[in-house]
Amino acid sequence: MPLYRHIATFLSTFKLVVIGLIIIGKDPFALLGMQAPGVWTWGQDNKIYACMMVFFFSNMIENQMMSTGAFEITLNDVPVWSKLESGHLPSMQQLVQILENEMKMNVHMDTLSPHRS
């Protein structure tokens, strides 16, 4: 996971540099002695769309790289299911059974606790 985190951080910085270059209109390809590709020329002609596309496409990739696959279910701040621990998502039947069991246990615990008047 640390490699993905570093790639996502790099991509986030690279995204900001590309958006900055699009906004100020500098051609990084000219500095390298290369002809600008058509997508760069289109981006210069359509700065708002190009910035939005870079932003959203980059965010999509960053989020995918940072995703852990975690899926946690809690009831009254008590964890009742963890995809990371079990390795899979619960089926609808399992989920209903887990929640019913937890709710029954909570009702049972409430009846055992002393009540003040």
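Leaving aside neighbours within four places in sequence, with which residues is Ile-98 in contact? The answer is Val-80 and Trp-81. The model is predicted. Ile-98 sits in helix 6, which spans residues 92-112. Its relative accessibility is 16%, so Ile-98 counts as buried. The cut-off for that class is under 20%. Ile-98 also gives a sense of distance across the model. Met-53 is 45 residues from Ile-98 in sequence, and their C-alpha atoms are 42 Å apart in space.

Turn now to helix 1 and helix 4. Two packed helices are described by the angle between their axes and the distance between the axes. For helix 1 and helix 4 the angle is about 175°, and the axes are 9 Å apart. The two helices are therefore roughly antiparallel to each other. An angle over 145 degrees is what that label requires. Helix 1 contributes Tyr-4, Arg-5, Ile-7, Ala-8, Leu-11, Ser-12, Lys-15, Val-18, Ile-19, Ile-22, Ile-23 and Ile-24 to the contact. From helix 4 come Lys-47, Ala-50, Cys-51, Val-54, Phe-55, Ser-58, Asn-59, Ile-61, Glu-62, Met-65 and Met-66. By class, the residues of this contact are 16 nonpolar, three polar and four charged.

Which residue forms a salt bridge with Lys-15? The partner is Glu-62, with the closest N and O atoms 3.3 Å apart. Side chains of opposite charge can pair when their charged atoms come close. The count of salt bridges comes to one. Glu-62 lies in helix 4 (residues 47-66) and Lys-15 in helix 1 (residues 2-24), so the pair ties together parts that are 47 residues apart in sequence. Both Glu-62 and Lys-15 are buried. For Glu-62 the relative accessibility is 12%, which is why Glu-62 counts as buried.

Stay with Glu-62. Outside its neighbours within four places in sequence, Glu-62 is in contact with Ala-8, Leu-11, Ser-12 and Lys-15. These residues are also listed among those of helix 1 that meet helix 4. Glu-62 has a further partner within helix 4. A polar contact of 2.8 Å joins its side chain to that of Ser-58, and Ser-58 is found in helix 4.

Is Ser-58 buried or exposed? Ser-58 has 4% relative accessibility, so Ser-58 counts as buried. Not counting residues up to four places away in sequence, Ser-58 touches Leu-11, Lys-15 and Met-53. Leu-11 and Lys-15 belong to helix 1. Met-53 belongs to helix 4. Gln-93 lies elsewhere along the chain. The C-alpha atoms of Ser-58 and Gln-93 are separated by 38 Å, with their places 35 residues apart along the chain.

Helix 4 also packs with helix 3 (residues 38-45). Here the angle is about 120°, and the axes are 5 Å apart. Helix 3 and helix 4 are therefore oblique to each other. On the helix 3 side, the contact involves Trp-42, Gly-43, Gln-44 and Asp-45. On the helix 4 side, it involves Lys-47, Tyr-49, Ala-50 and Met-53. The residues of this contact divide into four nonpolar, two polar and two charged. Lys-47 and Ala-50 appear in the contact with helix 3, and Lys-47 and Ala-50 also appear in the contact with helix 1.

The last stop is Asp-27. Where is Asp-27 placed? Asp-27 is in the loop between helix 1 and helix 2 (28-31). With 27% relative accessibility, Asp-27 counts as partly exposed, because the value falls between the 20% and 50% limits. A polar atom of the Asp-27 side chain lies 3.0 Å from the backbone nitrogen of Phe-29. Not counting residues up to four places away in sequence, Asp-27 touches Ala-36 and Trp-40. Gln-44 is 17 residues from Asp-27 in sequence, and the C-alpha atoms of the two are 9.1 Å apart in space. Gln-44 itself is one of the helix 3 residues that meet helix 4.

Conventions:
Residues numbered from 1 in each chain as written. Predicted model: local features only at pLDDT ≥ 70, side-chain atom pairs only at ≥ 80, totals over all residues. Heavy atoms only, no water. Salt bridge = Lys/Arg side-chain N within 4 Å of Asp/Glu carboxyl O. Helix = DSSP H or I, 4+ residues; strand = E, 2+ residues; numbered from the N terminus. Buried < 20%, exposed > 50% of the residue type's maximum accessible area, 1.4 Å probe, protein only. Axes fitted to C-alpha atoms, helices over the stretch in contact; angles between N-to-C directions. Parallel < 35°, antiparallel > 145°, perpendicular 65-115°, else oblique. Contact = heavy atoms within 4.5 Å. Nonpolar A, V, L, I, M, F, W, Y, C, P; charged D, E, K, R; others polar. Polar contact = N/O pair within 3.5 Å; in protein donor to acceptor, adjacent residues only side chain to side chain.
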